[in-house]
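Reader: I have a structure open in front of me and would like to learn how to read it step by step. Could you show me where to begin?

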Amino acid sequence: MNLSPHALPADAEGVMRLAAQSMFELMADASQGMILVNREHRIVWISEGYKKALPRLGFDDEHDFVGRRIEDVVPNTLMAQVIETGRPILVDVITNLSGTFVVSRLPLRDEAGAVIGALGIILLDTQQTALQPLLQKFSRLQEELDEARRQLAAQRRPKHQIASFIGSSPAALEVKRHARRVAMTDSTVLLLGETGTGKELLAHAIHAASPRMAKPLVGINIAAIPDTLLEAELFGVAPGAYTGADRKGRDGKFAVADGGTLFLDEIGDMPLALQSKLLRVLQEQEFEPLGSNKVRRVDVRVIAATSRDLAAMMARGEFRADLFYRLNVLPIKLPSLRERPGDIEALADALGEDIARRSGMPVRTLEHDALELLARQPWPGNIRELRNALEQASMMSDELHLRAEHFSGLLPDVPAVSPVAAPAPSTAMESQALRPLPEQIAALERQAISAALAHTQGNKLAAAKLLQISRAALYDKLAIYGL
Ligand SMILES: Nc1ncnc2c1ncn2[C@@H]1O[C@H](COP(=O)(O)OP(=O)(O)OP(=O)(O)O)[C@@H](O)[C@H]1O
């Protein structure tokens, strides 16, 4: 007889059938449990080992269990998914009320290849194995990952809605109406207003109300970054352009904000040399990273803000006219607090609640005389300064109702009893002068900065010149004093 070397032996089919059968029996015996379900997800059989786990699933009698749909009796099972997709899940960890198990799930097919059910194997019951510490660690890490994901989602949620812009004065309502309208468009927005009037808050709110809300809002304060670093910060650096830390190259804010919104704060402080590069991104949505000649395309909506008079800067040749007109398509002018004293009560309520929530202090209310006093102030630092005054007054008193006297020394209208200019020290003055020196110096410094900002109408560069300190030093101090 001339047998071809590749011909199947006559008993091949029988051996394979028996192998499948013995494998099945062996697995049913050796594993912690086995379960078979049909096409309709109904349980048709369970192994002896599986029967032992039934009480933990809430079943005393095997006959109550078999015949049911698996998803109705085994929480978190993925057997239905295996039947629907026809794809096995070779190793997985499942946790339900009966414990944590390492399992395997295989689809079962007929001769034509159609899925007729699935086989589930409990490979390990973690309570009974040396893997217990490892699996405990796994479930702890899983919990930590879930928590980190929850926190990240909460952080990504927009910080402010348009309704967070407090105020019902005609000027505040006009700002909100305008903001809602521009949120619908994709054009560049220019927010104009003194420091602390809510430009950043409004930029967040416009982004949150825009179709880009699910994408990032990236912010950059142009005045706070030295001119020499600004180009790299905005447009990124190509790999190899520099040695050292930037050798590998890095994305700039425009690339990070791709698909979302870029908030350019203090746009008036943009150096002339970079203004043309910015104009090109606004017009063409493309730029070249530093040290690269490859054009990068992005889809970014720009919201710019400034407290400076861009038109005057343009007239002086300090700001490019073409950039000004490009930015000025949808300007929104934010009113100063002086222009809307009627909103002070609502603002103080909202800020007071926020201060209490963040500090753990009780919520304070303002007495009539305190409200009248606050309404008379010039507020060069606007709402940020109001917030700061409320925070300091709350910290310095235990009373739940703040009166005008609680703002003594915190506002120019209620002069701090300065130790230097105290002609006839009263008890209050003495106690003021007995405060620690660093505290007194800080109070004076804060007042000097407030006064300089009031004088320059919020122009920080001019205020820094007046105070004879650098722009960066002024920014540091503004952050320290919450101005
Ligand atoms: N209308 C408002 N309602 C409630 N809070 C406000 C409002 N406007 C401003 N604030 C609060 O005042 C503070 C300063 O606001 P924001 O930083 O938005 O001002 P800004 O105009 O961007 O200031 P700067 O020009 O100095 O960057 C923030 O704490 C902000 O939440």
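**Reading the model**

Reader: Which residues surround the ligand most closely, and how many are there in the shell?

Author: In this predicted model, 18 residues surround the ligand, and the closest are I166, T195, G198, K199 and E200. The elements that each give two or more residues to this shell are α8 (199-208), α14 and α16 (382-396). Sorted by class, the shell around the ligand holds six nonpolar, seven polar and five charged residues.

Reader: And what does the chain as a whole look like, in helices and strands?

Author: The chain has 20 helices and 14 strands, and buried residues account for 29% of its 483 residues. Among contacts between residues at least 6 apart in sequence, 63% join residues that are at least 24 apart.

Reader: How should I think about the buried part, and which residues touch the most other members of the largest nonpolar core?

Author: The general idea is that, in soluble globular proteins, nonpolar side chains tend to be buried together. Here the largest nonpolar core has 36 residues, of which L191, I206, I303 and A304 touch the most other members. The elements giving two or more residues to this core include α7 (170-184), β6 (189-192), α8 and β11 (301-306). If you select I206, you will find that, not counting residues up to four places away in sequence, I206 touches A179, V182, A183, V189 and I303. There is also a second, separate core of 20 residues, which includes A348, L373, A393 and F407.

Reader: What is the angle at which helices α14 and α15 cross?

Author: In general, two packed helices are described by the angle between their axes and the distance between the axes. In this case the axes of α14 (residues 344-359) and α15 (residues 368-376) come within 10 Å and cross at roughly 110 degrees, which means that α14 is roughly perpendicular to α15. The contact is made by I344, E345 and A348 of α14 together with L371, L374 and A375 of α15, and these residues divide into five nonpolar, no polar and one charged.

Reader: Finally, where is R42 placed, and is R42 buried or exposed?

Author: R42 lies in the loop between β1 (33-38) and β2 (43-46). R42 is partly exposed, because 15 other C-beta atoms lie within 10 Å, whereas a buried residue would need 20 or more and an exposed one 12 or fewer. Leaving aside neighbours within four places in sequence, R42 is in contact with V37, G67, R68 and R69. R42 and I70 are 28 residues apart in sequence and 6.0 Å apart in space, C-alpha to C-alpha.

Notes
Residues numbered from 1 in each chain as written. Predicted model: local features only at pLDDT ≥ 70, side-chain atom pairs only at ≥ 80, totals over all residues. Helix = DSSP H or I, 4+ residues; strand = E, 2+ residues; numbered from the N terminus. Contact = placed C-beta atoms within 7 Å. Axes fitted to C-alpha atoms, helices over the stretch in contact; angles between N-to-C directions. Parallel < 35°, antiparallel > 145°, perpendicular 65-115°, else oblique. Nonpolar A, V, L, I, M, F, W, Y, C, P; charged D, E, K, R; others polar. Near = placed C-beta within 6 Å. Core = buried A, V, L, I, M, F, W, Y, C linked by C-beta atoms within 7 Å.
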